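Please look over the sequence and the structure shown here before reading on.

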Amino acid sequence: MPELPEVEFVARQLQTELVGSRVVSAHVSWARTIGDMDTREFAERVARQTVRRIGRRGKLLLIFLDGGDVLAIHRRMSGNLYISPPATEDPYTRVSFSLDDGRRLLYSDPRKFGRLSLVAETDLDATFAGLGPEPLAREFTPDALAQRLATTKRAIKATLLDQAVIAGLGNIYADEALYCAGIHPLRPANSLTRDEIVALHGGIQTVLETGIRYGGTTIGRHRDAFNEAGTNVAHLNVYQHTGQPCRRCGTPIRRIVVAQRGTHYCPHCQPDSTVREKRPAIRE
DNA sequence: CTATAAACCTGCTGGC
DNA sequence: TGCCAGCAGGTTTATA
């Protein structure tokens with residue numbers, strides 16, 4: 001699943017590859033991918049614009065065009081954006097862009113959840129409405145995190161997934177950050193101590209930076225801008241490690257469901273002082 | 001405010 | 001071996 005590191009890695013690759021390239025034409029083969037915009041209007045508007053720079057906000061990949069438009073891409077569950085040689089076929093292509101140098105930029109998405117929206121750069125604020133701070137920005141301090149956690153009693157795992165609280169965390173990195181900080185996923189957000197918040201802040205930044213360094217986590221379908229898998233899966237400690245021994249203490253990793261999401265944690269390293277488990281520990 | 005569920009989709013897995 | 005129900009999860013919307 002593309003979360004912040006997967007989007008950031010692709011953004012950096014495309015910044016090198018795509019800036020200065022001009023879009024010759026666009027073809028939409030699954031209309032809902034571009035939302036409510038008319039297919040023909042989308043194609044006509046994007047054609048002949050040149051890529052000026054690439055950006056990212058949360059899980060949104062931003063392609064700034066010199067005609068004043070921004071292509072904002074959210075890959076959701078299974079979307080990939082990559083540069084493809086002219087001949088190759090991808091059965092899951094939903095939108096394709098032909099570039100002036102003969103290359104093609106493909107948006108491929110088996111489950112069709114992802115969205116490409118073409119917005120005027122002057123309207124970007126509306127696109128970003130409801131997004132919390134960037135977790136790797138300087139302004140994202142432990143104090144900033146503390147402020148946002150203090151106002152809710154929701155489970156910390158659910159709170160970390162809320163894009164209005166922090167932009168860019170998804171199911172994988174939320175679990176990893178909580179493990180890194182030694183915090184149980186069901187702890188109420190407003191119950192964290194100052195020390196725990198500092199640890200969580202550090203954990204969030206650590207797991208995201210590691211994810212970027214290794215090209216993102218490829219478990220299902222994530223691919224980078226060259227259609228290559230990332231290798232961060234080797235650096236995960238709990239996500240989809242159910243039953244496997246914790247790398248720190250050997251206790252089997254447990255899986256529970258929090259806010260309708262599979263949630264993985266180490267019962268020993270992420271102890272639970274305030275939350276009562278649904279299945280109480282068996283005493284011998 | 002908070003929680004829960006359904007909808008959007010299809011590939012993949014596990015059970016029989 | 002083959003079939004199929006159900007799971008996977010980011011986001012929005014609806015409902016309690």
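Some questions and answers on this structure follow. This is a predicted model, where local features need pLDDT of at least 70, side-chain atom pairs count only at pLDDT 80 or more, and totals for chains, interfaces and linings use all residues. Residues are numbered from 1 along each chain as its sequence is written, chains are lettered from A and ligands numbered from 1 in the order in which they are written, and side-chain values use heavy atoms, with hydrogens and water left out.

Q: Which class has 6 residues on the surface near DNA strand B: nonpolar, polar or charged?
A: A residue is near a strand if one of its heavy atoms lies within 4 Å of it. Asp, Glu, Lys and Arg count as charged, Ala, Val, Leu, Ile, Met, Phe, Trp, Tyr, Cys and Pro as nonpolar, and the others, Gly among them, as polar. The surface has 3 nonpolar and 2 polar residues, and the class with 6 is charged.

Q: How far is a phosphate oxygen of DNA strand B from an N or O atom in the side chain of Lys112?
A: The residues around DNA strand B include Arg32, Tyr92 and Lys112. For Arg32, a polar side-chain atom lies 3.1 Å from a phosphate oxygen of the strand, and for Tyr92 the value is 3.2 Å. For Lys112 it is 2.4 Å.

Q: What is the order of the strands in the open sheet of 4 strands?
A: Strands are DSSP runs (E, at least two residues), numbered from the N terminus, and two of them pair if DSSP finds at least two bridges between them. Strand 2 (51-57) and strand 8 (115-120) are the edge strands. The pairing is antiparallel, and the order is 2-3-4-8.

Technical notes: A polar contact is a pair of N or O atoms within 3.5 Å; within protein, one must be able to donate a hydrogen and the other to accept it, and residues adjacent in sequence count only if both atoms are side-chain atoms.
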